[in-house]
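Please open the model in a viewer and keep the selection panel at hand. The tour below proceeds by selection.

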Amino acid sequence: MQFGERIKEQRKIKNMTQEDVAKHLHVSRKTISSWENENSYPDIKSLVKISDLYQISLDTLLNEDSGLKEYLQKDKVQDNFVELKYVINALFYLAVLLVAIIKNYSSLFFLLGVFLLRLACDHFMKESKLLNIDYDLPFRNWNRSLPVKIFFISCFVFIFGFAGWGIYADFNNLNTNLPLIAMGISLQVMNLILYIIDKFHIR
């Protein structure tokens, strides 16, 4: 029996609606429908909850459907590449800061190298179909909760504020290192929080 058929059958045995299951698993009813029709699969955390709810072992669920196994393996690889992406982002923001402060060719080459590494990572994820829109935040996926949206907007306000401070300091022959360092720290903090949002699928 395939995964979708199994969970649909167990739901009916327990006299539960899709809405009941959705509330128990903290997902939408549409997501439950998608799982039962095998248009998508749950992640490993949701799968454990399904196993507990329907009292079916994980081995049974996994061994019945090769498509589910393949999805979970792909999801694990995707998670690893998401972590790599944020490490590269952190290096990129550091390189930008070094170029702005040190202003020499070695820092410029470092920036170029990190930029090309990021392009290569993105290209691989797209070509291998590992890139999921849920991970592609914040610019193209605004299907977020209000606190997350406010966080994104606040980050950009701070970053542009520090950039404006740096430009003002440069025009008035003041020390530009302090606003640049503040902007660099802000970018790194934003990158870390975005990683947490991505890693734990905060929406």
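The stops that follow go from the whole chain to individual helices, loops and residues.

**The whole chain**

Begin with the entire protein, and bear in mind that this is a predicted model. Colour by secondary structure: the protein has nine helices and zero strands, and its pattern along the sequence reads α-α-α-α-α-α-α-α-α. Of its 203 residues, 36% count as buried. Among contacts with a separation of 6 or more, 62% are between residues 24 or more positions apart. If a surface is displayed, its accessible area comes to about 12,400 Å², and 63% of that belongs to carbon and sulfur atoms.

**Helix H1 and the turn after it**

Select residues 3-13, which form helix H1. Which residues of H1 are buried? They are Phe3, Gly4, Arg6, Ile7, Gln10 and Arg11. Viewed down the axis of H1, these buried residues fall within an arc of 165 degrees, so they line one face of the helix. Lys12 and Ile13, on the other side of H1, are exposed. Move on to Asn15, which follows H1 and has a positive phi, near 55 degrees.

**His26, Glu36 and Glu38**

The next selection is His26, in the loop between helix H2 (18-25) and H3. Its phi is positive, near 60 degrees, in a residue other than glycine. Most residues other than glycine have a negative phi. Is His26 buried or exposed? With a relative accessible area of 66%, His26 is exposed.

Proceed to helix H3 (residues 29-36) and pick Glu36, which lies in that helix. Glu36 has a relative accessible area of 7%; it is counted as buried because this value is under the 20% cut-off. Show the neighbours of Glu36 that are more than four places away in sequence: Gly4, Glu5, Ile7, Lys8, Arg11 and Gln18 touch it. Of these names, Gly4, Ile7 and Arg11 have already appeared among the buried residues of H1.

Then select Glu38, in the loop between H3 and helix H4 (44-54). Glu38 has a positive phi of about 60 degrees, although it is not a glycine. Its relative accessibility is 27%, and Glu38 therefore counts as partly exposed.

**Helix H8**

Select residues 146-171, the 26 residues of helix H8. How far apart are the end C-alpha atoms of H8? They are 37 Å apart, which agrees with the 38 Å that H8 should span at 1.5 Å a residue. Display the side chains of the buried residues: Val148, Phe151, Phe152, Cys155, Ile159, Phe162, Gly166 and Ala169. What covers these buried residues includes H9. After H8 comes Asn173, with a positive phi near 55 degrees.

**Helix H9**

Add residues 177-199, helix H9. This helix has 23 residues and reaches 33 Å from its first C-alpha to its last, close to the 33 Å expected at 1.5 Å a residue. Its buried residues include Pro179, Leu180, Ala182, Met183, Gly184, Ser186 and Leu187. Further along H9, Met190, Asn191, Leu194, Ile197 and Asp198 are also buried.

Within H9, pick Ser186. Its relative accessible area is 19%, so Ser186 counts as buried, the cut-off being under 20%. Leaving aside neighbours within four places in sequence, Ser186 is in contact with Ile159 and Phe162, both listed among the buried residues of H8.

Ile181 also lies in H9. At 37% relative accessibility, Ile181 counts as partly exposed. Not counting residues up to four places away in sequence, Ile181 touches Leu97 and Ile101. A distance label between the C-alpha atoms of Ile181 and Phe162 should read 9.1 Å, for residues 19 apart along the chain.

**The cavity**

The last stop is an internal space. Rolling a probe the size of a water molecule over the atoms shows where empty space is left. How many cavities of 30 Å³ or more does the structure hold? It holds one, and the largest cavity has a volume of about 30 Å³. To frame this cavity, select its lining: Tyr93, Val96, Leu97, Ala100, Leu180, Met183, Gly184 and Leu187. The elements that give two or more residues to this lining are helix H6 (66-102) and H9. Leu97, a contact of Ile181, is one of the lining residues.

Methods:
Residues numbered from 1 in each chain as written. Predicted model: local features only at pLDDT ≥ 70, side-chain atom pairs only at ≥ 80, totals over all residues. Heavy atoms only, no water. Helix = DSSP H or I, 4+ residues; strand = E, 2+ residues; numbered from the N terminus. Buried < 20%, exposed > 50% of the residue type's maximum accessible area, 1.4 Å probe, protein only. Contact = heavy atoms within 4.5 Å. Areas by Shrake-Rupley, 256 points an atom, 1.4 Å probe, with all protein chains shown as cover. Expected span 1.5 Å × (residues − 1). Arc of directions from axis to C-beta. 1 Å grid on protein atoms, 1.4 Å probe; cavity = no way out; pocket = protein on both sides within 12 Å on 5 of 7 lines; lining within 4 Å. Points joined across faces, edges and corners; volume = space filled by probe spheres on them.
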